[in-house]
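Here's a quick tour of a two-chain model, with the contact between the chains up front and a few local details after that. Have the viewer open while you read.

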There are 2 protein chains.
Amino acid sequence: MTAAGPLSGLRVIDLGQVYLGPYCGLMFALMGAEVIKVEPPGGDGIRGIAGGRENPAAMMLNSSKQSVTLDLQSDEGRSALLALADTADVLIENSRPGTMEKLGLGWKTLSARNPRLVMGSGKGYAADSVYRDAPAMDFPIQALTGLMSVTGFPDGSPVKCGAAITDFLGGIHLFGGIMAALHARGTTGLGDFVQIAMQDVAHHALASNISSFLLAPDGFADRAGNSQAVLKVAPYDLFPARDGQVAIMCLNDRHWQQLSRAMGRPDLAEDPELAEGPARCARRAEVDGWVSDWTTGHTRAEIFAALSDARVPGAPVRTLAEVVSDDDMRTRGMIHDLPHPDLGTIPVPGLPMTFARHDRVPPRPAPAAGVDTARVLGALRQAGLSTPSEDSN
Amino acid sequence: MTAAGPLSGLRVIDLGQVYLGPYCGLMFALMGAEVIKVEPPGGDGIRGIAGGRENPAAMMLNSSKQSVTLDLQSDEGRSALLALADTADVLIENSRPGTMEKLGLGWKTLSARNPRLVMGSGKGYAADSVYRDAPAMDFPIQALTGLMSVTGFPDGSPVKCGAAITDFLGGIHLFGGIMAALHARGTTGLGDFVQIAMQDVAHHALASNISSFLLAPDGFADRAGNSQAVLKVAPYDLFPARDGQVAIMCLNDRHWQQLSRAMGRPDLAEDPELAEGPARCARRAEVDGWVSDWTTGHTRAEIFAALSDARVPGAPVRTLAEVVSDDDMRTRGMIHDLPHPDLGTIPVPGLPMTFARHDRVPPRPAPAAGVDTARVLGALRQAGLSTPSEDSN
């Protein structure tokens, strides 16, 4: 075990904005790389989105990074960025398509100066997509890719997945792609230009839905609520508990038998007319009623414990307030309560993976915009690299 | 540009099941690694889940892999797996917690034999979680992590994100973690044991929701339907088009002015009483009505084009049937129509990232269970590695 993370020694310039780029940079930072977040003079747009107060999300996604503010619209800002990129292993960006090229900071330029650089770009729509000129954010991407169409109840409207899921899918795919390019660099000595699009990673996450569609395309209902779209399995839904709802799924007949016994209904487990999924589906209202009869008498915690003992997949539906106050996530280092001068305590994510050979290092609080500008640019100057005068910042 | 992928030369043993492990292995395969899918004699459980027919999802997530069937309950199967792991750079698994250890195939054993091996394990709940003994699948994980609580309409029930999103988030995080361990191996010469849990990666994808909750915890509504939970922005919703629905979001006041002009309503753009988000939120029914008046007269494609021209984020809500038949995804190599002997043509995902220095290699059709067993084990024998007799398969 070593206190240094698996990516210590790497230097990453993180031009990420909002969620996608910053989440990618966060993975590098939490694994021990030196990550320099480069922001416009006013800071990454996400910092101020919450009506003048600093946005907790910016604190959650930029921990363990340094912050340098540069005005990339100015010659001095651009030359500082070029100097930074010359010293870096990785540069991450998720600006609008064409922005980096317009600034004279595209991959061809950066790569000609530093052939070992891996540049990672995350966009909503891919550069070769017919939609490439459309403004992209998580909400429209969920609409176009079908993610929204498969979410919600059959008799209701499509609804977005409430999390900005395509941003996070995008950010972690970008991280994976950059790591693959770094791997190849170990052989070739050359960096690479890695591009991902939210539209593509969202599409691939629909593999199970597309598979269900292919099996029964005629009259296919995209949305199944909290049930199964195609498989003839039941019970599979949310059920009412004394203090909320629980998810219970019997993916196979064994689950049903185990659930019935956990409910104190061995008669149901042994009823041959209920033994198979299609039969239980045909009598779904009745089956769900038996399950509800059991769940309504218990708390979510009691039901979760009983399901776990019975080896039946299920869990409480938890609210955000419950999730944010989860002790187990704190004990396990998945949430760190870090101080912020104005916001108080922020529940900052820990690295969502463990390594047997590396200690998990707790995150350091996210920097205020620009706190590291003078030091980082001063070090570049000392190293004899071309940099702007300090007063440009 | 080289035809070899960035991960060519790596050898990966993919014990993945269903979605999480196989998606991780798929990334390796599509980037040029040699990926050997190891399945039980009847094949990965997902192959048969569709009522006797082979499951298209298994074809979509196992392209470009080889398949070896081994009975890991037998001494011969286990010794073949050990011999395979001895030759590998990476071993992926997402079996139930404790399974690998019970089989005598845990990391300590594998690592003692092959210290360069990186073993990647993906689980629903982490090994150190209080929930570690609960059976985990995407549905209960969405419930417990709050992903379900933030999805749906404020006056309706929580609903799952229709995609098995925590499986795919898990798979790509596992890939990223394994790549980080391979990076560290370049310095230390030693492999590592990488573990991820769906509960953790799902939690981190809720950063923007948790941030919104922290800003206004009192009376916070977890679910906002297709609107914004906290930001005072409007219009931001789905709107009815002639042939379906469109997502339109005005995240800032500039978007509103651009949208109004695109709708042929410059009067709205210039109305000072509508200039700011909070004012438009207060008159939301009226504002949404003006937008609907415009959208109902047009097709989704017309609206999407107008929004793109006006630089307003928005997109059609597309059905799965539309997504599956998307020509642009085919042109761009994101969907490959590959033949399957029984199922016909399957829309197989392409690598969701591009590299400037590597051609994108089209996927090869997924193997039938066990087609490569004799060849792969024969090669191990020829190399003088301990293997079982061929008739054990």
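Contact here means heavy atoms within 4.5 Å. Keep in mind that this is a predicted model.

**The interface**

Let's start with where the chains meet. Chain B puts 134 residues into the contact and chain A puts in 133 residues. Together they bury about 11300 Å², and 68% of that sits on carbon and sulfur atoms. On the polar side of the ledger, there are 46 residue pairs in polar contact across the interface of chain B and chain A, both partners being at pLDDT 80 or more. Looking at the face of chain B that touches chain A, helix α7 (residues 165–188) of chain B is the top contributor, with 13 residues. Sorted by class, that side of chain B breaks down like this:

| Class (side of chain B touching chain A) | Count |
|---|---|
| Nonpolar | 84 residues |
| Polar | 33 residues |
| Charged | 17 residues |

As for salt bridges, chain B and chain A have four between them. One to click on is A:Arg332 with B:Asp128, where the closest N and O atoms are 2.7 Å apart.

The chains also pair up through strands. Strand β6 (residues 192–197) of chain A runs antiparallel to strand β12 (residues 354–355) of chain B, and two bridges join them. Within that pairing, A:Gln195 sits opposite B:Thr354 of β12(B).

**Around B:His358**

Which loop holds B:His358? That would be the one between β12 and α17 (373–382) of chain B. Is B:His358 buried or exposed? It's buried, because its relative accessible area is 9%, and the cut-off for buried is under 20%. Leaving out residues up to four places away in sequence, B:His358 touches A:Ala184 and A:Asp192 from chain A, plus B:Met1, B:Thr2, B:Ala4, B:Gly5 and B:Pro6 from chain B. With B:Ala4 there's a polar link too: a polar atom of the B:His358 side chain lies 2.7 Å from the backbone oxygen of B:Ala4.

**Helix α17 of chain A**

Finally, hop over to helix α17 (residues 373–382) of chain A. The buried residues in this helix are A:Thr373, A:Val376, A:Leu377, A:Gly378 and A:Leu380. What covers the buried residues of α17(A)? The cover includes β1 (11–14), β2 (34–39), β3 (66–69) and α3 (75–86) of chain A. Just past the end of α17(A), A:Gly384 adopts a positive phi of about 80°.

Notes. Residues numbered from 1 in each chain as written. Chains lettered and ligands numbered in written order. Predicted model: local features only at pLDDT ≥ 70, side-chain atom pairs only at ≥ 80, totals over all residues. Heavy atoms only, no water. Buried area = accessible area lost by both parts, 1.4 Å probe. Salt bridge = Lys/Arg side-chain N within 4 Å of Asp/Glu carboxyl O. Polar contact = N/O pair within 3.5 Å; in protein donor to acceptor, adjacent residues only side chain to side chain. Helix = DSSP H or I, 4+ residues; strand = E, 2+ residues; numbered from the N terminus. Nonpolar A, V, L, I, M, F, W, Y, C, P; charged D, E, K, R; others polar. Pairing = 2+ DSSP bridges. Buried < 20%, exposed > 50% of the residue type's maximum accessible area, 1.4 Å probe, protein only.
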